[in-house]
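Biologist: I would like to learn how to read this structure, feature by feature. Where should we begin?

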Amino acid sequence: MSSSNDQHICLRMKEESGYIVSAAAPPIYETAPFFFNSYDHYSEAANDEKTHYVYSRGKNPTVQIVEEMLAGLEGGEACKCFASGMAAVSAALMCSLAAGDHVILVGHIYETTVSLIKYLTKFNISYTIVHSTSISSVAGALKPQTRVILMESPTSFTFDIVNIPEVAELAKSKGIRTIIDNSWATPLFLKPLEYGVDIVVHSASKYLGGHNDLVAGAVISSQHIMDRIYEEEYELIGGSLGPFEAWLLIRGLRTLPLRMDAHQKNGLAAARFLSEHPAVAKVNHPGLPSHPQHELASTQFKGYSGLFSFELKDSGYEEIRQMVNKLQLIRIGVSWGSAESQIISPNYGYNQQDLKKQHMPESLIRLAVGHEPAELLIQDLNNALS
Ligand SMILES: Cc1ncc(COP(=O)(O)O)c(C=O)c1O
């Protein structure tokens with residue numbers, strides 16, 4: 001469960017910042033430049049764009065509100081919001097790496113992030129994917145040039161858990177930076193900075209936004225790291241979040257504790273139902289006692305979101321196709337974290353070789369449970385599995 005301080009941050013935007021007087025919802029500063037009453041005033045602002053509003057690619061009051069909320073929720077010193085989760089991941093990686101460096105990816109990382117790392121090889125950055133989340137496997141992949149360890153916990157699609165404090169300690173002892181994608185747990189259920197992780201990234205298009213109407217990202221870290229990101233990756237690459245999207249994200253955050261509670265309850269109900277169904281071989285939900293790392297998960301997370309996967313017995317592409325096509329309430333879609341339940345499988349027929357390379361079973365299906373009544377979701381799954 002989220003703490004009362006988290007709930008407070010979600011419900012109240014900082015009033016002392018000066019730009020909110022007492023409006024229940026903040027204004028959307030839908031402006032590119034800010035005007036100045038005198039050239040002196042402009043000179044002062046242009047010399048310190050980090051603390052003045054000059055141009056919205058750098059700093060915008062609506063975006064600043066959500067950045068302050070997210071920094072508060074994650075317990076970080078500062079945050080910058082980006083136009084997508086991938087822009088946030090790119091900024092965190094590029095700020096931490098230089099030509100010749102090596103990155104370790106722990107477990108099954110979101111595949112577009114893996115593609116980004118592969119893209120970075122053209123700048124002479126190398127990588128190792130460690131297929132197990134164990135600390136010995138991570139330690140075994142270390143090289144003298146390793147500068148970053150990149151994690152997701154749980155891992156995408158397979159829902160393995162990373163022992164975050166162990167990895168953070170190992171990395172610190174070698175002077176390596178750790179980055180974690182915390183989109184699944186949200187800061188309500190996991191605060192990785194408290195475990196010694198250096199940088200937290202989010203796809204805010206998921207639970208933080210929460211309504212399937214927003215693509216956004218965020219990076220949260222120390223002031224020192226965020227200052228560098230602001231001056232380089234944020235300003236120069238220019239993937240900043242627009243004010244309207246920031247406003248949507250503020251609105252999403254204000255109901256985050258309620259929504260995460262509902263995702264958790266519905267997710268566990270659907271996972272329990274599936275784990276008892278004769279057509280289901282396995283359910284990968286860290287909140288179920290049958291999950292091999294359930295004990296670690298229950299010490300690491302304050303709660304579980306509504307995203308998990310399961311495997312059908314003796315099945316491949318055709319059986320998945322038939323099952324998914326029978327669903328009425330649960331929609332076929334690639335995203336997660338919103339009111340509408342969504343289902344997807346990495347097995348879309350043409351990529352059997354890829355699945356093997358990524359150590360993923362052919363019959364894997366990912367379910368993102370939304371806010372529909374649990375009994376209707378279970379009925380929908382039951383009909384599709386029969
Ligand atoms: C775990 C994870 N991280 C990052 C991303 C990328 O986020 P975005 O789609 O907002 O760019 C996704 C998108 O699905 C994701 O699942």
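Biologist: In which loop does Pro154 lie?

Modeller: Pro154 sits in the loop between S4 and helix H7 (164-173). Keep in mind that this is a predicted model. Look at the bond that leads into this proline. The peptide bond from Ser153 to Pro154 is cis, with omega near 0 degrees.

Biologist: Which residue has a positive phi although it is not a glycine?

Modeller: That is Asn124, with a phi of about 65 degrees. Asn124 also belongs to a loop, the one between helix H5 (111-120) and S3.

Biologist: Now the sheets. In what order do the seven strands lie?

Modeller: Read across the sheet, not along the chain. The order is S1-S7-S6-S5-S4-S2-S3, in an open sheet with mixed pairing. Strand S1 (78-82) and strand S3 (126-130) are the edges, since each pairs on one side only. From one strand to the next, the twist averages 20 degrees.

Biologist: Do S2 and S4 pair in the parallel or the antiparallel sense?

Modeller: Parallel. Strand S2 (residues 102-106) and strand S4 (residues 146-152) are joined over four bridges. To see one of their partnerships, find His102, whose bridge partner in S4 is Thr146.

Biologist: Which strands does helix H9 lie across?

Modeller: Helix H9 (residues 223-237) lies across S1, strand S5 (177-181), strand S6 (199-203) and strand S7 (217-221). Its direction is at about 30 degrees to S1.

Biologist: What is the order of the sheet of five strands?

Modeller: S8-S9-S12-S11-S10. This sheet is open too, and its pairing is mixed. Its edge strands are strand S8 (280-284) and strand S10 (331-332). Inside the sheet, strand S9 (residues 307-312) and strand S12 (residues 364-368) run antiparallel over five bridges. Leu307 has Ala368 as its bridge partner in S12. Helix H11 (residues 256-275) packs on this sheet and touches S8, S9 and S12. The direction of H11 makes about 10 degrees with that of S9.

Biologist: Next, empty space. How many cavities of 30 Å³ or more are there?

Modeller: The general idea comes first. Rolling a probe the size of a water molecule over the atoms shows where empty space is left. Here the count comes to one cavity of 30 Å³ or more. The largest cavity holds about 40 Å³. Among the residues that line it are Ser56, Lys59, Glu67, Lys80, Tyr234 and Leu241. Helix H3 (residues 61-74) gives the most to this lining, with three residues. By class, the lining has three nonpolar, five polar and three charged residues.

Biologist: And the second largest pocket: which residues are closest to its centre?

Modeller: Its volume is about 390 Å³. Of the 16 lining residues, Lys59, Glu67, Ala78, Cys79 and Gln223 are the closest to the centre. H3, S1 and H9 each give two or more residues to this lining. The classes here are five nonpolar, three polar and eight charged. Note that Lys59 and Glu67 line this pocket and also the largest cavity.

Biologist: Last, the domains. Where is the chain divided?

Modeller: Domain 1 covers 4-254 and domain 2 covers 256-385. Two readings help with such a pair. One is the distance between centres, taken over C-alpha atoms: 27 Å. The other is the contact, which takes 35 residues from domain 1 and 38 residues from domain 2.

Definitions and conventions: Residues are numbered from 1 along each chain as its sequence is written. This is a predicted model: local features need pLDDT of at least 70, side-chain atom pairs count only at pLDDT 80 or more; totals for chains, interfaces and linings use all residues. Side-chain values use heavy atoms; hydrogens and water are left out. Two strands pair if DSSP finds at least two bridges between them. Axes are lines fitted to C-alpha atoms, for helices over the stretch in contact, and angles run from 0 to 180 degrees between N-to-C directions. Contact means heavy atoms within 4.5 Å. On a 1 Å grid over the protein atoms alone, a cavity is a set of points where a 1.4 Å probe fits but cannot get out, and a pocket is an open set with protein on both sides within 12 Å along at least five of seven lines; lining residues have an atom within 4 Å of a point. Grid points are joined across faces, edges and corners, and a volume is the space filled by probe spheres set on the points. Ala, Val, Leu, Ile, Met, Phe, Trp, Tyr, Cys and Pro count as nonpolar, Asp, Glu, Lys and Arg as charged, and the others, Gly among them, as polar. Domain bounds come from an automatic or database domain assignment.
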